[in-house]
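Colleague: Before I use this model, I would like to go through the labels attached to it and hear the reasoning behind each of them.

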Amino acid sequence: MSDLIRQFRDFFVSLKLTVVLIALSILLIFAATLDQVNLGIWAVQQKYFHSLFVMWRIGDIPVPIFPGGYLIGGFLLINLIAAQVYRFKLTARKSGIWLTHIGLILLLIGELLTGLWQEEFALRLDEGETKNFSESYRSNELAITETTDPKFDDVVAIPEKFIARGDPIQQAKLPFRVVPKIYYPNAALAARDANTPGAATTPATTGIGLQATATLLPLTYKQNERNAPAAYIELAGPEGPIGTWLVSADPRFPAQSFEYAGRMWKIAFRFERSYKPYSLTLLKFSHDRYAGTEIPKNFSSRIRLNSPDGRDDREVLIYMNNPLRYAGLTFYQAGFENDDKTTILQVVRNPSWQLPYIACALMTLGLIIQFCIHLVAFIARRRPAPKAVA
Amino acid sequence: MKKLIPLFVLLLGALYLGSKAMPERATSKFDLAAFGELPVLLNGRLKPLDTVARSSLMQFQGRQRVSDPADSEPRVNSPTEWLVNVFFISSKADSYPIFRIDSPDLLSLLGISEEDAKVRYASPAKQFMAVLGFLPSTRSRFSYEKIAPKISELERQAKLANPIESAVRTPFQNAVVQLYGSLVQYQQLKHTLAPPTTDDFLAELLRFQKLLPTGIAAVRAKQAGQSHDTEAAQAMIELGQRYLFMSEVTSILAIPPVNGSADDNAWSTTGQSLLGAFQSGSVDSSVLAYAGLGYAWRQNQPEQFNKLVALYRSQIQKRFELQLRKTHAEVRFNGAEPFYVSMTLYVFAFLFAIVSWLKWPEVLGRSAFYLILLAWLATSAGIVTRMWLEGRPPVTNLYSSALFIGWGSVGLCLVLEAIYKNAIGSVAAGLTGFATLLIAHHLSLTGDTLEMMRAVLDSNFWLATHVVIVTIGYSATFLAGFLAIIYILRGGFTRSLDKTSAESLVRMVYGIICFATLFSFVGTVLGGIWADQSWGRFWGWDPKENGALIIVLWNALILHARWGGLIKARGLMALAVFGNIVTSWSWFGTNMLGVGLHSYGFTDSAFMALIVFVVSQIALIALAVRPLAQWRSFQSS
């Protein structure tokens, strides 16, 4: 083995590297915790953990200033595996350490997969309402729906990033092009009275945009707020523009109907939807408080779960610490609004959810074994040697 | 003879404990102890009036004694006696100095001058002590009477300060909000059983009772537009408004449900119950009983008072047997003050153990060990009582986490001391036991510490596993840090740290860190499983989760650095002390960020305390990494 390779190997096997990596991860986690106050939990995860480097913007150029979660985790993984291969022999005395380290390897891989695969949605239901979709917490989409046939809707959903890009969009199902004119990543809406002289001009030529305007707002990162983007969208047929609509993802902003080429349409900017092959109906939301106080005692949603194939048609109760797990998704009670008439369920998809369980079981077992080995050795050492029989 | 001294110390300590655990001797002809056991529903929990009195006083003024520095005797003999006066003779209660005000700005807002605040002692001896600073020369507690003239101004200031987040309020705004909150609660107390404006509520109620049939008929007739007794109708309407006001002022539910329902929601305030009389046609017997007690108290008729208490108690006894057993136990628990007693014992044990390093190691070391054992048993009993009262695992809020961290850490120390018998365990136990109970005392100033669990935390299984295990992990990490402090101070500044002691300290710290790694890891993992069970994700990078993870990582770092030979004894100690910073960050710091699912119990002054603690720990680390030549121990003579 050449010197260089040996040095290389020694570097990756060394305990020094382990200690440095642990120290770096502590610093990373600490900084990320503090930054949650500014960025909110989701942005922090992207910036610190699901990245190779933590970037700092100097002017417009992002400069890497600290190794990110993927980089530290990756090195830790190599360090662990290398140490396992080169340093430790598989003996009974080291069995605890083996188990702990294998568990840790699994845990790191699991966290990587979670970072890549986990998705979170919200499901907002009024009492009596039925929905077969949940909505994204962050992403939005422009939905153009053909409602000509009363029996079904035909939806074309355009993700927000295409609207942000501003290029004209042509889709086979639509008899017109979609031209984003102006896009605000977060916007405030204000009423506009076209009759008053000096009213703000608006790019909108039809729909609600004649009575309302949107102005740019700074992006929010707070945990209990979300950005409500708005856009002015022009639809243009072969013979020229049909009109320009103001659309907003603000939930109070309704879908707007129009007629074109003898067909009925609706246009709306909305939270990105994830449709399901089953539906949920909120039968009753309950919010119990302790007597004489406002301290919440329990929240629960009684839900009717229905699948069109008729296999599932039952009532479920979702409450604190007791989510519904169904079809690879977890529905848990996340909140409520509208004077206890609306429930908000969080819907999580995490296909690798078993990995942490296995990993942690291995690590716990390993630590207990190792701790007991140390303890037994300690007690044996302290016990005075038996006196020799004369 | 020498062997007997530790046993004598043990006996003294046990006597001290026992004397506190005994029911307090009655100082009045009135059976206030029985009155203090009567249950009311407040903040969602059925509790004895004794607890209401104590936690209110703690919240208003940071202590349970009601007295002014110039008094030779306290104004009342017990918190319950104070509460009875608040209930029934508000003019007297208004003169008690029970509102603590430290902010000079707030004092001047209230028109309290320096002259007013100055304490004039009658005896020359006391005057002299005040000059020396052993007695306060200015008072910091003021009566409602003193504040009352400026109450509308205070209300205005409170309205200005209220919308501001507590983290960014000025000290003045904080003081305003706190005092205003105390006054609101004081008003609630005053309206609990009777309106503070009447001299004879019992007579009023009896009149009301008599008037009810004709009065209700008159009001009905008036509503129907028929001829009616205008006077009776008018009287009814006035009383109705009066009782409506009473029901709106207070949220203390003092009147048990008539039908004996076990549902907490069926309890009502006195005002609500009286409003109910318009429907039922008669005044609730509990309301009358309390009014009768008020009458007997005002008229100074102890026999009447005691008879009525006994009667009322027997009346509710059948319906609330278990609850009354709990209120009885809670009053005994309040009186025994197991945590306060333990604090005293920890101090003595600490002193004995320290001195044992210099003189009489056998006698003093053993005495210290016994005292620690006693104090630990007393805290154990206290924690178990709290668990029984609440029907919960030991750790449910920040206050109980402080108790439990102390308990766990002292428990580990007892094991260490039993093995090594070198008083190091006792010193660490005295230190951590005292410190955690002191922290708990400060956390108790916000009110009743037996709080109801918010919905998200309401799971006894996970509270019993995740929270308990992770808290033991905290205890162990702290303990390792405190043992390291002993090493640094004793080795750095005295010659008493010989080679054997030093080596055993290193082994102790190492062993405790192994233990801490195991428990903080398992506890954190269980937290992840809880999160997955209830929120659908194993790990969410929430501040409290991150705090716990950092503890695990820090302990792992120490162990790896040790195994890799990167650190020796002093390095181990320095890193273990840093573990204190890491743990206190996770324990308190993460709550101060005010974000995340675990952000409960923010405390302002805690922030300063945390900073001071962190700085002190950094100073200790600096001491630990001094060159060996500067250490007083380990010098080869």
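Colleague: What is the mean pLDDT of chain A, and what share of its residues reach 70 or more?

Modeller: This is a predicted model, and the mean pLDDT of chain A is 85, with 95% of its residues reaching 70 or more. Among the elements of chain A, helix H1 (residues 3-13) has the lowest mean pLDDT, 83, and strand S7 (residues 177-184) has the highest, 90.

Colleague: What are the corresponding values for chain B, and where in chain B is the pLDDT below 50?

Modeller: Chain B has a mean pLDDT of 87, and 97% of its residues reach 70 or more. The pLDDT is below 50 over residues 597-603 of chain B, a stretch that nevertheless has 17 contacts in the model beyond near neighbours in sequence. Where pLDDT is low, the predicted coordinates should not be read in detail. For the model as a whole, the scores are ipTM 0.82 and pTM 0.84.

Colleague: How many residues of chain A are in contact with chain B, and which element gives the largest share of that side?

Modeller: On the side of chain A there are 48 residues in contact with 49 residues of chain B. The largest share of the chain A side, 18 residues, comes from helix H2(A), and the elements giving two or more residues also include strand S14 (296-306) and helix H6 (354-382) of chain A. By class, this side has 29 nonpolar, 16 polar and three charged residues.

Colleague: Why is B:Ala232 called buried?

Modeller: The cut-off for buried is 20 or more other C-beta atoms within 10 Å, and B:Ala232 has 20 within that distance, so B:Ala232 is buried. This residue is in helix H13 (residues 230-249) of chain B, and, leaving aside neighbours within four places in sequence, B:Ala232 is in contact with B:Leu211, B:Thr214, B:Gly215 and B:Ala218.

Colleague: And why does B:Ala203 count as exposed?

Modeller: A residue is exposed if 12 or fewer other C-beta atoms lie within 10 Å; B:Ala203 has 12 C-beta neighbours inside 10 Å and therefore counts as exposed. B:Ala203 lies in helix H12 (residues 201-224) of chain B, and its C-alpha atom is separated by 9.9 Å from that of B:Leu288, although the two residues are 85 apart along the chain.

Colleague: What makes H3(B) roughly perpendicular to H4(B)?

Modeller: Helix H3 (residues 49-61) and helix H4 (residues 79-88) of chain B pack at an angle of about 90°, with their axes 8 Å apart. Angles of 65 to 115 degrees count as roughly perpendicular, which is why H3(B) is described as roughly perpendicular to H4(B). Residues making the contact include B:Val52, B:Ala53 and B:Leu57 of H3(B) and B:Trp82 and B:Leu83 of H4(B), and by class the contact has seven nonpolar, one polar and two charged residues.

Colleague: How do you know that the span of helix H22 of chain B agrees with what is expected?

Modeller: At 1.5 Å a residue, the 34 residues of H22(B), residues 460-493, should span 50 Å, and because the end C-alpha atoms are 47 Å apart, the two values agree. H22(B) is also mostly covered, with 24 of its 34 residues buried.

Colleague: What is the phi of A:Asp340, and why does A:Asp340 count as exposed?

Modeller: A:Asp340 has a positive phi of about 65° although it is not a glycine, and its place is in the loop between S17 and S18 of chain A. A:Asp340 has 12 C-beta neighbours inside 10 Å, so A:Asp340 counts as exposed.

Note on methods:
Residues are numbered from 1 along each chain as its sequence is written. Chains are lettered from A and ligands numbered from 1 in the order in which they are written. This is a predicted model: local features need pLDDT of at least 70, side-chain atom pairs count only at pLDDT 80 or more; totals for chains, interfaces and linings use all residues. Helices (H or I, at least four residues) and strands (E, at least two) are DSSP runs, numbered from the N terminus. The expected span of a helix is 1.5 Å times one less than its number of residues. Two residues are in contact if their C-beta atoms, placed from the backbone, lie within 7 Å. Ala, Val, Leu, Ile, Met, Phe, Trp, Tyr, Cys and Pro count as nonpolar, Asp, Glu, Lys and Arg as charged, and the others, Gly among them, as polar. pLDDT is the predictor's confidence in each residue, from 0 to 100. Axes are lines fitted to C-alpha atoms, for helices over the stretch in contact, and angles run from 0 to 180 degrees between N-to-C directions. Angles under 35 degrees count as roughly parallel, over 145 as roughly antiparallel, 65 to 115 as roughly perpendicular and the rest as oblique.
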